[in-house]
Amino acid sequence: MFFWIHDGRISPNPPQIQPNRVPMVHPSGKPSPPAIGEGEPGTTPTGSFLHRTPEDVYKESSLPSEKPVFFLHEIMTNPVWTKNQDESTQSCLDFMMEKGIRHLPITDESGKLVGFVSDRDLLDKMKSYEREMPVSDAMIKRVLVGTPGVEIRQVTKVLLEERIGCLPIVNDDNLPIGIITRSDLLRLLLKYPNLSLTV
């Protein structure tokens with residue numbers, strides 16, 4: 001499921017996504033994947049599969065190169081770095097450079113997502129404003145987010161349609177638990193070249 005968070009509150013107008021009209025049949029002969037947004041019941045985010053041990057990678061290399069469906073909780077970067085809305089733009093930019101990240105979710109005192117900044121946003125703001133201005137004055141306050149059970153194919157569609165470079169992942173309490181970027185999707189394609197990411 002996707003939805004907007006605006007000023008820390010859930011917006012009632014989520015992006016409209018059309019599900020597949022024709023059931024997909026996979027080479028394994030198994031039935032088509034669950035309906036969009038259902039995810040895998042009983043699963044919890046455990047970190048990105050892109051950073052598994054060599055033993056896991058070796059085991060996977062013996063499997064077919066085509067995998068029918070991935071869900072966000074399988075490939076999202078977890079845990080996700082965040083900063084409080086009272087931090088300065090300079091301290092946020094320094095933090096992003098230190099961690100080697102380009103996207104930073106912004107939270108309130110309770111840890112809930114209230115905004116989002118990219119390194120480009122901060123650099124643009126700092127050209128004409130004080131470097132010590134609070135990041136709450138520079139952040140994007142209307143943020144598109146996803147839940148862990150969303151299919152990766154849906155994520156690629158939303159990223160393209162909304163023209164955004166990443167998607168924060170939140171739990172039921174609007175607490176950031178992960179993030180996925182276009183780079184993550186490119187690494188996924190490199191790992192599984194026969195994977196279809198279109199809906």
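Helices (H or I, at least four residues) and strands (E, at least two) are DSSP runs, numbered from the N terminus. The views below show a predicted model, in which local features need pLDDT of at least 70, side-chain atom pairs count only at pLDDT 80 or more, and totals for chains, interfaces and linings use all residues. Residues are numbered from 1 along each chain as its sequence is written, and side-chain values use heavy atoms, with hydrogens and water left out.

**View 1. An open sheet of 3 strands.** Here the order is 3-4-5 and the pairing is mixed; two strands count as paired if DSSP finds at least two bridges between them. Strand 3 (83-84) and strand 5 (113-118) are the edges, each pairing on one side only. Strand 3 runs parallel to strand 4, joined by 2 bridges, and Asn84 stands opposite Thr107.

**View 2. The hairpin of strands 4 and 5.** Follow strand 4 (residues 103-107) into its antiparallel pairing with strand 5, which spans 5 bridges. Leu104 has Val117 as its bridge partner, while Ile106 is matched with Gly115. Between the two strands lie 5 residues, and in this turn Gly111 has a positive phi of about 90°.

**View 3. Strand 4 under cover.** Of the 5 residues in strand 4, 5 are buried, meaning under 20% relative accessible area (exposed is over 50%, partly exposed in between; 1.4 Å probe, protein chains only). His103, Pro105 and Thr107 point one way, with Leu104 and Ile106 pointing the other.

**View 4. Helix 3 and its end.** Among the buried residues of helix 3 are Cys92, Leu93, Phe95 and Met96. Just after this helix comes Gly100, with a positive phi near 70°.

**View 5. The largest pocket.** A pocket is an open set of points on a 1 Å grid over the protein atoms alone, where a 1.4 Å probe fits, with protein on both sides within 12 Å along at least five of seven lines; lining residues have an atom within 4 Å of a point. The largest one holds about 730 Å³ of space, a volume being the space filled by probe spheres set on the points, which are joined across faces, edges and corners. Its lining has 30 residues, and the closest to the centre are His103, Phe116, Gly165, Cys166 and Thr181. Helix 6 (182-191) is among the elements that supply at least two lining residues, and gives the most, with 4.
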